[in-house]
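This briefing goes with the model displayed below. It starts from one backbone detail and then moves through overall make-up, aromatic contacts and helix packing.

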Amino acid sequence: MTDAEHFVLPNEQPVVELDCTTAFKCLTPREKLYAHYLSRASWNGSLIILVQTSPEAPLVFVLLHKLFSLQPLSELKKAALGDQGVTPDEFQALLVYTSGIFTNAGNYKGFGDSKFVPNLPAAKFEVVIKCSEAYHREPKVMQSLWDRCKDAIYLLKEGVKCLGFHDKV
């Protein structure tokens with residue numbers, strides 16, 4: 001196992017959907033409003049965490065949010081796997097990485113504070129970006145986001161592998 005393999009999330013990483021539909025329907029109108037505003041506050045607060053996690057985390061978040069927001073996942077997958085040379089495992093690795101970013105509010109694990117990187121080459125990550133609807137709509141924005149964070153996404157030198165006091169790590 002190479003050193004980099006210690007910093008990727010496995011493609012078999014479980015993703016569990018939390019369905020709260022039944023519970024939400026049982027709330028009173030006032031409780032539903034409370035839950036709504038608590039959710040909004042949590043969302044806005046989580047964006048602050050991105051800035052506190054790493055310099056690249058806000059850029060990565062915006063890049064991925066745009067990438068996956070402007071078209072159905074099935075269409076993006078079809079475009080990436082078509083003639084672009086991205087394998088199903090590489091596309092799955094991007095989904096796992098994205099899930100990790102959104103779950104941890106950044107590119108460091110919330111438990112353990114170690115960095116995680118995509119389990120696909122940067123060139124394939126870029127291919128997915130460039131075949132997306134987001135790139136077709138905003139090529140300069142998407143290219144700028146990618147250019148500003150791509151090196152930091154994959155960087156695994158001492159001092160960035162783990163959060164904390166670097167002279168103590």
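Where is Ala105 found? In this predicted model, Ala105 sits in the loop between helix 5 and helix 6. The chain has 8 helices and 0 strands, and much of what follows concerns helix 6 and the residues packed around it.

**Overall make-up**

- From the N terminus on, the order of elements is α-α-α-α-α-α-α-α.
- The C-alpha trace spans about 50 × 45 × 30 Å along its principal axes.
- The chain holds 169 residues, and 33% of them count as buried.
- For contacts between residues at least 6 apart in sequence, 70% join residues that are at least 24 apart.
- The exposed area of the chain is about 10,700 Å², with 59% of it supplied by carbon and sulfur atoms.
- The chain carries 18 positive and 19 negative charges, and the mean positions of the two sets are 6 Å apart.

**Backbone and spacing**

- Ala105 has a phi near 55°, which is a positive value in a residue other than glycine.
- Ala105 has a relative accessible area of 14% and is therefore buried, the cut-off being under 20%.
- Ser42 lies in helix 2, which covers residues 29–53.
- At 45% relative accessibility, Ser42 counts as partly exposed, because that class runs between the 20% and 50% limits.
- Ser42 and Ala79 are 37 residues apart in sequence, and their C-alpha atoms are 33 Å apart in space.

**Aromatic pairs**

- The whole structure contains 5 aromatic pairs.
- One of them joins Tyr97 and Phe125 in an edge-to-face arrangement, with 6.3 Å centre to centre and 75° between the planes.
- This pair links distant parts of the chain: Tyr97 belongs to helix 5 (residues 88–104) and Phe125 to helix 6 (residues 122–130), 28 residues apart.
- Both partners are buried, Tyr97 at 2% relative accessibility and Phe125 at 0%.
- Phe125 also pairs with Trp146; that pair is tilted, at 4.7 Å centre to centre and 40° between the planes.
- Phe125 is in helix 6 and Trp146 is in helix 8 (residues 139–154), so this pair ties together parts 21 residues apart in sequence.
- Trp146 is buried as well, with a relative accessible area of 1%.
- Ring pairs connect Tyr97, Phe116, Phe125 and Trp146 into a cluster.

**Helix 6 and its neighbours**

- Which residues of helix 6 are buried? They are Phe125, Glu126, Val128 and Ile129.
- Seen down the axis of helix 6, these buried residues fall within an arc of 155°, so they line one face of the helix.
- An α-helix has 3.6 residues a turn, so residues three or four places apart point the same way.
- What do the buried residues of helix 6 pack against? Their partners are helix 3 (57–69), helix 4 (73–81), helix 5, helix 7 (133–137) and helix 8.
- Two of these partners also appear in the ring pairs of Phe125: helix 5 through Tyr97 and helix 8 through Trp146.

Conventions
Residues numbered from 1 in each chain as written. Predicted model: local features only at pLDDT ≥ 70, side-chain atom pairs only at ≥ 80, totals over all residues. Heavy atoms only, no water. Helix = DSSP H or I, 4+ residues; strand = E, 2+ residues; numbered from the N terminus. Buried < 20%, exposed > 50% of the residue type's maximum accessible area, 1.4 Å probe, protein only. Contact = heavy atoms within 4.5 Å. Areas by Shrake-Rupley, 256 points an atom, 1.4 Å probe, with all protein chains shown as cover. Lys, Arg positive; Asp, Glu negative; His and termini not counted. Charge placed at Lys NZ, Arg CZ, Asp CG, Glu CD. Phe/Tyr/Trp six-rings, centres within 6.5 Å; stacked < 30°, edge-to-face > 60°. Arc of directions from axis to C-beta.
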